[in-house]
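Please read these notes alongside the coordinates. They start with the metal site and then turn to the helices.

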Amino acid sequence: MLTLGIESTCDETGCAIVKNGRQILSNIVASQIDLHMEYGGVVPELACRRHVDLMIPVLREALEEARISLQDIDQIAVAQGPGLVGALLIGVNCAKTLAWLLDKPLIAVNHIEAHLYAASMSQDIPVEFPCLGVVLSGGHTSLVYMPEEGSYELIGQTVDDAVGEAFDKVAKILNLPYPGGPRIEALAKNGNPNRFALKPGTVKNRPFDFSFSGLKTGVLYTAKGQSAKYSSVLTLPAEDIPDLAASFQQAAFSDIVKKTLAAAKMKNCRAILFGGGVTSNQRLRDMFNEAESSNIYYWPKMGLILDNAAMIAGLGYRRYLKHPHSASLDMEVMPNMPFIK
Ligand code: KG4
Ligand code: ZN
């Protein structure tokens, strides 16, 4: 079975061909980072227009690299949400058109659920359940109990900024370009993580929820002075910036490691499944490896970490195996799509 996956939730245009839900024949991603960099973040209208320009060339390239033609595709999976409404419309309308044209099933997939599936797809052997799913992306920071594949119970989530969003905002404070995560990670490598006492927030009576907005403000005041604004100038000497980046990263990740392992223990999980762009951070992986835990860790592999269409195709295939029916061609995009009922 060949599944075409289509991804257009934010600022990456992706098309992939995946065989039997696992074997990636092609996984083409056209990033728009250059376009949004000068604005310090994704500009939705610009993202939509770029998706329109890129969707067909990216689809063509995915077919060429997989050495198949459109007629060889058995089903089409597309990210229905969550994401930017205009950006989602481009991918979903492309998927609907192809499903109608080729008379093949259309499968609507949740982008965040697909980030978790990416880690399963990255393993050579089947994942062991029960698992704790950990989503660390630009829009989500969630701990999800998974008693079996495709079954989810929300254990905790951020009450304000997502962890990736906090990295992006801290980068902006430090005058670093978008996306901030990789820049902060690089700077932090040369910094002292214990130099500045920064603390992420706790949420009353909700031990597995996150709050990163106070941590971000802590960085702002350390970098620009007490009660400074985002637009204020940096007052911290340049040689101290790596220490600040390292201290921020350490504070955010310590909080994530602590709450994740506590939640996994509470739910008697055998394994932890990681997903989302922030999981590309090596320091995060090292901190989990250094922590005391009997859990098996499943990380997504290169090409499946950041937004991509192979994870959409993979999850779409699994979904279709379980519920073999096509989504309606009237299906709407869902900018706030939940995957936990
Ligand atoms: O999962 P993703 O590609 O898109 C969303 O669905 O949000 O995640 C993007 C987020 C951005 O906030 C980016 O700054 C962050 O992941 N990120 C990182 C790293 N690489 C990307 N954060 C920390 N360290 C990194 N190396
Ligand atoms: Zn994503």
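1. The four donor atoms around the zinc ion (ligand 2) subtend angles of 97 to 129 degrees, so the arrangement is tetrahedral (all angles between 85 and 135 degrees). Donors are N, O and S atoms within 2.8 Å of the metal; water is not among the atoms, so sites may look incomplete. The model is predicted: local features need pLDDT of at least 70 and side-chain atom pairs pLDDT 80 or more, while totals for chains, interfaces and linings use all residues. Residues are numbered from 1 along each chain, chains are lettered from A and ligands numbered from 1 in written order, and side-chain values use heavy atoms, without hydrogens or water.

2. Coordination of the zinc ion (ligand 2) is by His111 (NE2), His115 (NE2) and Asp307 (OD), at 2.0 to 2.1 Å. Along the chain the donors follow the spacing H-x3-H-x191-D.

3. His111 and His115 lie four residues apart in helix α4 (residues 111-121), and are therefore separated by about one helical turn. Helices here are DSSP runs of H or I, at least four residues, and strands runs of E, at least two, numbered from the N terminus. Both His111 and His115 are buried (under 20% relative accessible area, 1.4 Å probe, protein chains only).

4. Helix α5 (residues 163-173) has several buried residues, among them Phe167, Val170 and Ile173. The buried residues of α5 pack against β6 (131-136), β7 (141-146), α6 (180-188), α7 (213-224) and α8 (241-266), with contact meaning heavy atoms within 4.5 Å. After α5 comes Asn175, with a positive phi near 60 degrees.

Conventions: Donors are N, O and S atoms within 2.8 Å of the metal (3.2 Å for Na, K and Ca); water is not among the atoms, so sites may look incomplete. Four donors count as tetrahedral if all angles lie between 85 and 135 degrees; four count as square planar and six as octahedral if opposite donors are over 155 degrees apart and all others between 65 and 115; anything else is irregular. Buried means under 20% relative accessible area, exposed over 50%, partly exposed in between (1.4 Å probe, protein chains only).
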